[in-house]
Amino acid sequence: MTGGAWRPSNAACLSGRPEPGPSRDLDGWSGRQASSVLCRLLSASRHSDEITEALLRQKLFVLGSLVIGSVLYLVARVGTLDRLQPICPIESRIHPSEPEQIPLRALQFKRGLLHELRKGNASKEQIRLHNLVQQLPRAIIIGVRKGGTRALLEMLNLHPAVVKASQEIHFFDNDKNYARGIDWYRGKMPFSLPHQITIEKSPAYFITEEVPERIFKMNSSIKLLIIVREPTTRAVSDYTQVLEGKERKNKTYHKFENLAIDANTCEVNTKYKAVRTSIYTKHLERWLKYFPVEQFHIVDGDRLITDPLPELQLVESFLNLPSRISQYNLYFNATRGFYCLRFNIVFNKCLAGSKGRIHPEVDPSVVTKLQKFFHPFNQKFYQSRFHRPCQRVGWPRLSAPSRSCSSYQDGVVLMSPILFAV
């Protein structure tokens with residue numbers, strides 16, 4: 001060949017039968033040998049190019065995935081924050097000259113910092129820069145035990161203007177804690193922004209005689225939340241929790257029927273604490289000596305389990321908060337049998353596994369006797385000050401309230417329909 005260097009054709013290399021090449025030897029090699037060597041070199045070069053292209057595609061895929069993930073996170077984050085509006089705090093009607101309120105967007109943005117504070121990871125400088133404070137609660141979930149107090153507190157914490165005390169403080173019902181003073185109590189509260197609402201819950205408050213007066217002395221205008229369930233169901237749930245504790249310690253315990261019914265009189269045993277706690281009206285009378293009915297809101301604990309959003313929206317209204325908890329924040333977990341909480345696209349939370357314990361079977365005649373016993377107390381609980389025209393009778397069967405029965409008008413609580421069993 002003349003006019004340039006000779007190389008075998010691609011077709012010859014691909015066929016595996018290299019063409020002979022020039023008739024003369026190339027540095028002592030025959031033309032066929034040279035052709036074979038050059039084919040191998042060309043094949044190695046193509047293979048190297050393919051590897052390089054594959055690595056490049058892999059790097060581009062990883063980079064693209066990171067970019068897409070970041071964009072989706074920012075879209076979800078900004079989309080949520082942009083829907084939030086400035087809050088109207090509880091005290092705005094009393095103190096109209098207060099400075100401009102912090103927008104909910106800022107409150108949502110600070111959640112990460114507040115979480116670090118709860119873990120003890122934030123510095124004093126961060127606390128000062130972000131104007132964070134430990135506030136006394138402006139609302140307290142005072143009961144009822146086994147009514148759903150923990151579920152209510154966790155669900156309200158979905159609202160960006162609400163900050164919860166994670167543990168039960170037991171300040172007002174424990175003489176030793178109460179003697180430590182109000183500053184000790186404030187020190188147990190979480191850090192928050194000035195216009196966020198701090199909420200704590202201690203179910204024992206509702207049934208402890210000294211608590212109403214003690215809370216009144218701290219704040220006579222505080223908002224009080226009471227979550228109740230059908231009284232017999234609540235009593236059995238109370239018993240179940242105690243029974244489980246006994247079984248963990250390998251201890252025996254009486255049957256529910258033997259505790260709830262007096263063996264001598266065959267009547268309901270009102271000395272049994274689980275029964276006494278379910279007589280809601282007896283405890284509420286003590287609270288009404290100190291606080292007007294407008295400062296109470298009754299949450300339907302049975303409905304909070306099956307359809308939580310309407311109950312939470314009523315509480316938002318009661319606390320003078322803009323409606324921010326939506327169906328997006330609540331999803332039903334079929335495995336657990338309860339609603340779980342969705343704070344954002346990343347963070348979900350379900351209640352502790354101890355929630356939703358299976359109740360032991362109770363003699364139907366005992367259930368009927370208890371329902372008849374509680375009936376007059378249930379009636380009194382919702383009559384007079386708490387009765388509303390839309391109130392219906394027949395607990396525990398519930399029905400959705402009409403719009404007129406599930407709103408607040410002129411500071412008066414309009415109760416959702418709660419029924420009473422006979």
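**Exercise 1. Determine which ring the charged end of arginine 214 sits over, and at what distance from its centre.**

Solution. The criterion asks that NZ of Lys or CZ of Arg be within 6 Å of the ring centre and within 35 degrees of the ring normal. In this predicted model, where local features need pLDDT of at least 70, side-chain atom pairs count only at pLDDT 80 or more, while totals for chains, interfaces and linings use all residues. Residues are numbered from 1 along each chain as its sequence is written, and side-chain values use heavy atoms, with hydrogens and water left out. The charged end of arginine 214 sits over the ring of tyrosine 178, 4.2 Å from its centre. Lysine 223 lies over the face of phenylalanine 318, at 4.8 Å from the ring centre. Tyrosine 178 also belongs to one aromatic cluster, formed by Phe171, Phe172, Tyr178, Trp184, Tyr185 and Tyr205.

**Exercise 2. Describe the geometry of the aromatic pair of phenylalanine 172 and tyrosine 205, and locate both residues in the chain.**

Solution. Rings of Phe, Tyr and Trp (its six-membered ring) pair if their centres lie within 6.5 Å, and planes under 30 degrees apart count as stacked, over 60 as edge-to-face and the rest as tilted. The structure holds 18 aromatic pairs. In one of them, phenylalanine 172 and tyrosine 205 are 5.6 Å apart centre to centre with 75 degrees between the planes, an edge-to-face arrangement. Helices (H or I, at least four residues) and strands (E, at least two) are DSSP runs, numbered from the N terminus. Phenylalanine 172 lies in the loop between β3 (162-164) and α7 (175-178), and tyrosine 205 in the loop between β5 (197-201) and α9 (211-218), so that the pair links distant parts of the chain, 33 residues apart. For accessibility, buried means under 20% relative accessible area, exposed over 50%, and partly exposed in between (1.4 Å probe, protein chains only). Phenylalanine 172 counts as buried because its relative accessibility is 0%, and tyrosine 205 is buried with a relative accessible area of 0%.

**Exercise 3. Repeat the analysis for the pair of phenylalanine 216 and phenylalanine 291.**

Solution. This pair is edge-to-face, at 5.7 Å centre to centre and 70 degrees between the planes. Phenylalanine 216 is in helix α9 and phenylalanine 291 in the loop between α13 and β7 (296-300), 75 residues apart. Phenylalanine 216 is partly exposed, with a relative accessible area of 34%, whereas phenylalanine 291, at 1%, counts as buried.

**Exercise 4. Work out which parts of the chain the salt bridge of aspartate 302 and arginine 229 ties together, then examine the salt bridges within helix α10.**

Solution. A salt bridge is a side-chain nitrogen of Lys or Arg within 4 Å of a carboxyl oxygen of Asp or Glu, and a search of the whole structure finds twelve. The closest N and O atoms of aspartate 302 and arginine 229 are 3.1 Å apart. Because aspartate 302 lies in helix α14 (residues 301-306) and arginine 229 in the loop between β6 (223-228) and α10 (231-248), the pair ties together parts that are 73 residues apart in sequence. Both aspartate 302 and arginine 229 are buried.

Within helix α10, arginine 234 and aspartate 238 meet in a salt bridge of 3.1 Å, N to O; these two residues are four residues apart, about one turn of the helix, and both are buried. Glutamate 244 and arginine 248 also form a salt bridge, with closest N and O atoms 3.1 Å apart, and they too are four residues apart in helix α10. Here glutamate 244 is partly exposed at 27% relative accessibility, and arginine 248 is exposed at 62%.
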